[in-house]
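Trainee: Could you go through this model with me before I start on my own notes?
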Amino acid sequence: MSTPKTETLEADVLVIGGGTGGPMAAIRAKQANPNLRVVLLEKANVKRSGAISMGMDGLNNAVIPGYATPEQYVKEITIANDGIVHQQALMAYANGSYDMIRYLDSLDVKFEKDGAGDYAVRKVHHMGTYVLPMPQGHHVKKVLYRQLRRLRIGVINRYMATRLLTTPDGRIGGAIGVNTRTSEFLVIRARTVIMACGAAGRLGLPASGYLFGTYENAANCGDGHAMAYHAGAELANLECYQINPLIKDYNGPSCAYVTGPFGGYTANNKGARFIECDYWSGQMMLEFWRELQSGNGPVFLNMTHLAPETVGEIETILHSNERPSRGRFHAGRGTDYRHRMVEMHISEIGFCAGHSASGVWVDERARTSVPGLYAAGDMASVPHNYMLGAFVNGAIAGEEAARFCAEVDLPEPDPDAIAAEQERVLAPTRRTDGLTPHEVEYKTRRLVNDYLAPPKITAKMRIAQERFAEIRDDLNALVARDPHELMRALEVQSILDCADMAAAASLYRTESRWGFYHYRIDHPETDNDDWFCHTMLFKDSDGAMRHRKRAIDPYVVPVDATEMTAYQNLRIVPAEAAE
Amino acid sequence: MPLADHAASVPVVVDDAKCIAAKGCTVCVDVCPLDVLAIDLVRGSAYMKYDECWYCMPCEVDCPTGAVTVNIPYLLR
Amino acid sequence: MPLFDSEPDDLEDLGLRARSDDAGVRRVAMLALAETAEPEAAELLIAGLTDPAAEVRAAAAQALEEHAGPAVVGALVAVLDDPDAKVREAAAAALAERHEPDTAPLLIARAGHGSAFARAAAFRALRELAAPGAAGVALDALADPCPVVRREAVAVLGWLRTAAAQPGLMQTAYDPEPEVRRATMTALVSVASGAPGAEALIAGLRDTDWRVREEAAATIARNKLPEAETALIRGMGDPVWQVRLKSAAALGRLGAIAALPALAVALASEVSNLRKEAAAALGEIADPAALPALRAVAADPDPDVRKTALWAIGRCGG
């Protein structure tokens with residue numbers, strides 16, 4: 001390929017990522033100040049991008065007056081995360097939750113309502129009531145897209161951001177992108193940047209061996225984490241992986257949230273329950289893993305005891321929202337929920353604050369450690385924030401960015417940085433032979449499974465680091481034969497960055513915490529004296545990966561010691577032992 | 001190292017008789033989050049160009065003529 | 001740069017394609033017209049609803065979901081009687097997708113006329129508008145020959161929460177179709193204690209369909225109807241645990257001391273959701289007589305049941 005042309009664009013607010021939090025950030029920034037030039041950059045197409053490309057079957061964390069209070073919610077998420085939370089950010093989310101539900105409702109997102117038009121909230125969470133089903137939730141993306149059009153927000157599809165631009169004084173200056181179909185370059189000068197690039201979901205390799213058979217939308221491969229890292233932003237608690245109980249091979253959620261309120265539950269090969277709370281937490285995953293190891297595996301989702309009408313209702317929800325190909329997968333294996341339990345398994349590892357806790361550090365105003373740079377959704381560090389959290393925190397980021405725009409001028413881009421990035425990006429197109437993105441990705445992710453997946457062992461993680469360093473040299477042999485392959489070649493570089501970060505972060509925290517997520521064989525105990533803190537990972541001025549501890553900010557909602565252990569008691573005690 | 005071309009079965013099947021790409025439709029190509037579909041200009045229909053499917057189904061659901069079927073990739077089936 | 005701002009140029013081209021001789025080209029143009037918020041696009045789509053080709057009309061109806069205003073709703077309402085099912089269904093889906101309060105009169109006008117499909121679609125779209133003007137047509141439709149229309153009309157009345165609907169809903173509480181009866185049980189949400197509708201809810205606890213019984217118990221709990229106490233205690237012996245669970249919750253809300261033995265039985269259920277609900281109900285009732293039964297589940301294998309039982313023991317003064 002010849003050197004593609006470069007275009008330059010100016011924006012007041014640049015949003016990178018058009019999935020869930022990104023569109024909401026753009027909408028709120030534009031609503032805060034309609035004169036702002038708001039640009040939304042998306043690697044795919046905003047119509048169907050991100051974690052909820054096919055919609056969502058419900059809210060798991062709705063804080064609705066009369067069902068739960070913000071204080072209860074903050075306490076529960078604090079407990080579920082072994083205390084390592086920035087409660088101020090949880091509280092900002094909880095306080096914004098109900099207003100966001102009503103705003104989405106006003107945009108015609110369909111939440112389940114009872115016969116009188118009130119929200120039909122259900123219970124799944126361990127201690128409170130936070131589940132609001134969305135039986136017709138396949139419309140969410142359509143609703144967002146409609147709103148972007150109405151507000152005439154500039155949308156640029158099929159451009160992948162590759163690096164953020166920063167000013168000499170460390171402030172954000174914009175971003176560089178490349179077209180995934182033409183390899184054309186785009187330089188966007190921006191006063192503020194909001195990142196909403198989703199999870200690092202292509203980190204571990206799924207058990208099926210299919211590179212794109214991931215739990216997360218496979219487009220969400222950690223570009224955001226890598227870009228934030230290279231721009232000097234801090235990332236928090238990356239050793240707190242995302243690992244989820246999923247349908248074996250299909251790799252979609254088993255959806256205890258959907259089936260739980262109807263009476264479905266997780267069972268072992270005897271058909272017996274072994275965990276009483278299906279809320280996804282590290283402790284729950286540890287019990288799940290132990291059951292698999294114990295000889296009582298595999299683990300199943302059991303609905304065979306439910307009334308046929310109930311199963312029909314569950315099927316309607318599960319087979320029309322979020323991952324609708326699930327019905328087809330079950331049909332292919334002759335699995336009918338009425339008669340056969342669904343085999344489940346442990347997912348590959350990833351970074352995803354939506355379900356666990358790690359990501360680019362943000363405070364309660366969605367600010368990263370780089371001035372003018374914000375982050376929201378699965379890539380930002382607000383724990384367990386799910387779809388509604390992406391919306392609420394995206395909205396916060398949009399409003400904050402709009403405000404910050406008024407205080408700063410448009411930074412001048414550094415031509416040397418742009419030229420260097422162009423060189424890095426295009427290097428794989430200048431080779432005619434070498435290594436393909438697919439094989440480099442496969443190898444990286446296979447090593448992630450071999451050496452980084454828990455239980456975490458120090459010696460194995462050190463081997464991983466050696467092997468990753470070798471692959472980093474191999475990047476100089478990457479070859480891309482067309483713009484599409486170039487996108488994959490760039491993605492594999494993000495994946496490798498995330499793999500390095502996962503290893504380094506896991507080695508740094510020399511204790512075990514968050515159940516299975518950070519279960520270190522060499523340091524099996526939780527050590528609150530040394531490690532009751534956030535761990536921050538960042539790129540030093542010399543380009544090296546560094547760590548520091550960050551103290552937990554004083555809680556705004558106190559949690560007493562007995563409450564703190566609520567999630568550590570999930571395994572069913574046999575009846576005789578309980579007496 | 002020199003490169004080889006692999007063959008792979010692809011999960012997305014397009015019914016040429018129903019596909020209206022020749023009339024200017026690009027819906028399935030537009031909505032694919034992984035950008036793995038393309039239009040074959042000679043045949044005038046869409047096809048799966050890259051075996052990188054998340055079996056998420058916007059291509060099938062959004063197709064105005066029901067021409068697209070998403071199968072579960074063989075490795076998962 | 002292909003931003004949304006560059007739309008007007010596209011619109012001219014789309015207008016040409018919308019008038020092409022080739023129905024396939026017109027169909028694709030209709031779909032593309034969903035992409036722009038310009039009023040001209042809506043005009044082209046409204047014209048597309050009268051296209052000779054059904055697939056073009058269906059595409060136009062589908063695309064109009066993305067446009068707003070009385071003109072759009074009026075045009076969609078008009079094609080609810082389209083000879084082609086795809087067109088009718090696309091129009092009904094588009095109407096149900098959004099709620100614009102100022103379009104209620106258009107839907108109300110349709111609710112008493114046309115095919116059963118059109119009437120049901122009109123009521124479905126009216127439900128979320130909760131427009132008081134819809135009460136009259138909805139009450140009339142409770143006697144509609146089509147059960148789907150009756151169910152949608154019941155839902156409209158439920159969302160309106162109007163006392164005037166009660167006599168009508170007392171009729172549909174005994175409708176031959178379980179789906180209509182079930183919708184009625186949730187719609188009886190504004191029934192106060194002593195009101196005639198309470199009787200319909202109590203009768204619902206004995207319905208042949210368990211999902212009707214479940215909804216009846218849920219609404220009774222919500223409305224706190226003490227006259228349902230005996231029927232609810234009987235409901236604790238229901239063969240379906242979901243009905244027992246909702247009955248337990250209702251008895252808790254009523255503070256029904258007479259329910260202690262039935263709730264104590266439920267504490268020994270195999271279903272942990274039900275054990276927890278029974279413990280919670282005993283906590284609400286807060287009678288020391290429940291202490292022995294609650295202490296027995298203080299060591300329940302389910303941590304959620306344990307937690308609730310401990311809370312309930314505290315409430316009972318134990």
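Mentor: What follows deals with chain C of a predicted model, beginning with its overall make-up.

Trainee: OK, how many helices and strands are there in chain C?
Mentor: Chain C has 20 helices and 0 strands, and buried residues account for 53% of its 318 residues.

Trainee: And what is the radius of gyration of chain C?
Mentor: The value for chain C is 26 Å, whereas a compact globule of 318 residues would come near 20 Å; along the principal axes, the C-alpha trace of chain C spans about 80 × 50 × 30 Å.

Trainee: Switching to packing, at what angle do helix 10 and helix 12 of chain C cross?
Mentor: The axes of helix 10 (residues 147-160) and helix 12 (residues 178-187) of chain C cross at roughly 5° and come within 9 Å, and helix 10 of chain C and helix 12 of chain C are therefore roughly parallel to each other.

Trainee: Which residues make that contact?
Mentor: From helix 10 of chain C they include C:Arg150, C:Val154 and C:Leu157, and from helix 12 of chain C they include C:Val180, C:Ala183 and C:Ala187; by class, the contact of these two helices has 7 nonpolar, 3 polar and 3 charged residues.

Trainee: What about the neighbour, how many residues of chain C are in contact with chain B?
Mentor: On the chain C side there are 7, in contact with 6 residues of chain B, and helix 2 (residues 23-32) of chain C gives the most to that side, with 5 residues.

Trainee: What classes are they, on the side of chain C that touches chain B?
Mentor: That side of chain C has 4 nonpolar, 1 polar and 2 charged residues.

How values were computed. Residues numbered from 1 in each chain as written. Chains lettered and ligands numbered in written order. Predicted model: local features only at pLDDT ≥ 70, side-chain atom pairs only at ≥ 80, totals over all residues. Axes fitted to C-alpha atoms, helices over the stretch in contact; angles between N-to-C directions. Helix = DSSP H or I, 4+ residues; strand = E, 2+ residues; numbered from the N terminus. Parallel < 35°, antiparallel > 145°, perpendicular 65-115°, else oblique. Contact = placed C-beta atoms within 7 Å. Nonpolar A, V, L, I, M, F, W, Y, C, P; charged D, E, K, R; others polar. Rg over C-alpha atoms; globule rule 2.2 N^0.38 Å. Buried ≥ 20, exposed ≤ 12 C-beta atoms within 10 Å, placed from the backbone.
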